[in-house]
Amino acid sequence: MSAPRAPIELREFPRPDLPQGAALLRTLRSEVCGTDVHLWHGRLSGVPYPIIPGHVSAGVIDALRGPVIGIDGSSLREGDRAVFFDVHRTCGRCRACTVHRTPTRCSSRRVYGITDSATEGLFGGWAEAIYLEPGVGIARLPEAVSLDDYIGGGCGLLTAVHIIERAEIRLGDTVVVQGVGAVGLSAVALARIAGASRIIAIGAPAERLALAHEMGADTTLDLAATTLDERRQAVLDATFGEGADVVLEAAGAAAAVPEGLDLARVGGRYVIAGHYTDVGPASVNAHHQINRKHLEIRGCWGSEVRHFLRALSILERHPAIPFRKIGARRYGLHQLNEALADAEAMRIPKALVDPSL
Ligand SMILES: [Zn+2]
Ligand SMILES: [Zn+2]
């Protein structure tokens, strides 16, 4: 991706010389997520174009200059099926890292496929190979986890793990999930695992709402076929007229915020995670929607290595959750413009990249 709005180009890179502790991953799958569409639209600041997009990816270790120790503490070997945490170079020394304990806001932090320039090498998944520099968190993909489930969950699953952590869902909670994209669909599944007794998903189109049911939603409300009042009434009817214990925003639309505030009960919690880009201000009545409601509002930005590892455990323990269905279609490297167009038009929840096609 040489610049925003420019067509995706195929370029050749030299095979990197591996320093001690580095590995080369032969890419089996990467993904085209909402972030990639934002990158293509030039809506994220500080992106060092040209970039090789594709931040969450999976592959086989093709070469390494050892020892390369995985996050589980054991040595990785050539031929291992491996995945890696896309965030690297978090410094561990700045105020965000140490004083505020918010490493996802560390200013040294870099992300494969997003803030790594292609001028530095193979730092992205839309490629036949990915350079894993020393210090990148690498894990073997557990034997029981299929490639398609891992990448179907992908970055949305990692974000959802963080959202559920921020939400502190309690056993028996009623949870509303706003948005049924890759993040919202994973959040539905994880809310169930976390103990929610009733999950209401709001979004569109109908096929994604059907998938939300498969992921664990009890009720879905079609954004295109219901009014604001009808959705609010449906949530009240399901909650003794109180509103939801927890509302999770994964919609990325300004209008979702005042609606989400209304759907939460008095003393409830609202986690905002979908506003990854600036979609403009939302209008809020602080008296009615926050103060008098005694509402707790939390933001949630990015993910940390622990969310990556927990995602792997969840995938291993819950093979029945159809994460693979979020990744609707595979595209080869020469079909990436088509993949971006399909993702942009939201024709599919997530496009997958398979360099072998
Ligand atoms: Zn830092
Ligand atoms: Zn992503």
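Guide: Before we start, one definition: helices here are DSSP runs of H or I with at least four residues, strands are E runs of at least two, and both are numbered from the N terminus. Keep in mind that this is a predicted model.

Visitor: Okay, then where does Leu190 lie?
Guide: Let's use those numbered runs. One helix covers residues 182–193, and Leu190 falls in that stretch. So, going by the DSSP runs, Leu190 lies in helix H4.

Visitor: Is Leu190 buried or exposed?
Guide: Look at who sits around it. Leaving out residues up to four places away in sequence, Leu190 touches Leu157, Ala160, Val161, Ile164 and Ile314. The cut-off for buried is under 20% relative accessible area. Leu190 comes in at 4%, so this residue counts as buried.

Visitor: How far apart in space are Leu190 and Gly260?
Guide: Gly260 is one of the buried residues of H7. Along the sequence, Leu190 and Gly260 are 70 residues apart. From C-alpha to C-alpha, the separation in space is 19 Å.

Visitor: Why is helix H7 described as largely enclosed by the rest of the structure?
Guide: Go through residues 256–263 and check each one for burial. The buried set is Ala256, Val257, Pro258, Glu259, Gly260, Leu261 and Leu263. H7 is largely enclosed because its buried count is seven of the eight residues.

Visitor: Let's zoom out. How many helices and strands does the chain have?
Guide: You've already met two of the helices, H4 and H7. Counting up every run in the chain gives 10 helices and 15 strands.

Visitor: What radius of gyration does the chain have, against that of a compact globule?
Guide: The C-alpha atoms fill a box of roughly 65 × 40 × 40 Å along the principal axes. With 357 residues, a compact globule would be near 21 Å. The chain agrees with that, because its own radius of gyration is 20 Å.

Visitor: What share of the chain's residues count as buried?
Guide: On the outside, the chain exposes about 15600 Å², and carbon and sulfur atoms supply 51% of that area. Now for the residues: of the 357 in the chain, the buried share is 54%.

Visitor: Which residues are the protein donors of the zinc ion (ligand 2)?
Guide: Along the chain, the donors follow the spacing C-x21-H-x99-C. Cys33 sits in the loop between strand E1 (23–32) and helix H1 (34–40), while His55 is in the loop between H1 and strand E2 (57–64), 22 residues apart. Both of these residues are buried. Lying 2.0 to 2.2 Å from the zinc ion, the donors are Cys33 (SG), His55 (NE2) and Cys155 (SG).

Visitor: What is the relative accessible area of Cys300?
Guide: Cys300 is in the loop between strand E13 (296–299) and helix H9 (305–317). Beyond its neighbours within four places in sequence, Cys300 is in contact with His162, Ile163, Arg166, Val271, Ile272 and Ala273. Buried means under 20%. Cys300 makes that cut, because its value is 8%.

Visitor: And Ser303, is this residue buried or exposed?
Guide: Ser303 is in the loop between E13 and H9. Not counting residues up to four places away, Ser303 touches Phe85, Val87, Thr104, Arg109, Leu158 and His162. At 9% relative accessibility, Ser303 counts as buried.

Visitor: Which residue does a cis peptide bond join to Ala204?
Guide: The bond to look for has an omega of about -5°. The partner is found in the loop between strand E9 (198–203) and helix H5 (206–215). Its name is Pro205.

Visitor: What is omega for the cis peptide bond between Gly66 and Pro67?
Guide: To find the spot, go to the loop between E2 and strand E3 (81–84), where Pro67 is found. The cis bond joining Gly66 and Pro67 has an omega of about 0°.

Visitor: Last one: is Arg101 buried or exposed?
Guide: Arg101 is in the loop between helix H2 (95–98) and strand E5 (110–111). Its phi is positive, about 50°, although Arg101 is not a glycine. The cut-off for exposed is over 50%. Arg101 has 67% relative accessibility, so this residue counts as exposed.

How values were computed:
Residues numbered from 1 in each chain as written. Chains lettered and ligands numbered in written order. Predicted model: local features only at pLDDT ≥ 70, side-chain atom pairs only at ≥ 80, totals over all residues. Heavy atoms only, no water. Rg over C-alpha atoms; globule rule 2.2 N^0.38 Å. Buried < 20%, exposed > 50% of the residue type's maximum accessible area, 1.4 Å probe, protein only. Areas by Shrake-Rupley, 256 points an atom, 1.4 Å probe, with all protein chains shown as cover. Donors = N, O, S within 2.8 Å, 3.2 Å for Na, K, Ca; no water. Contact = heavy atoms within 4.5 Å.
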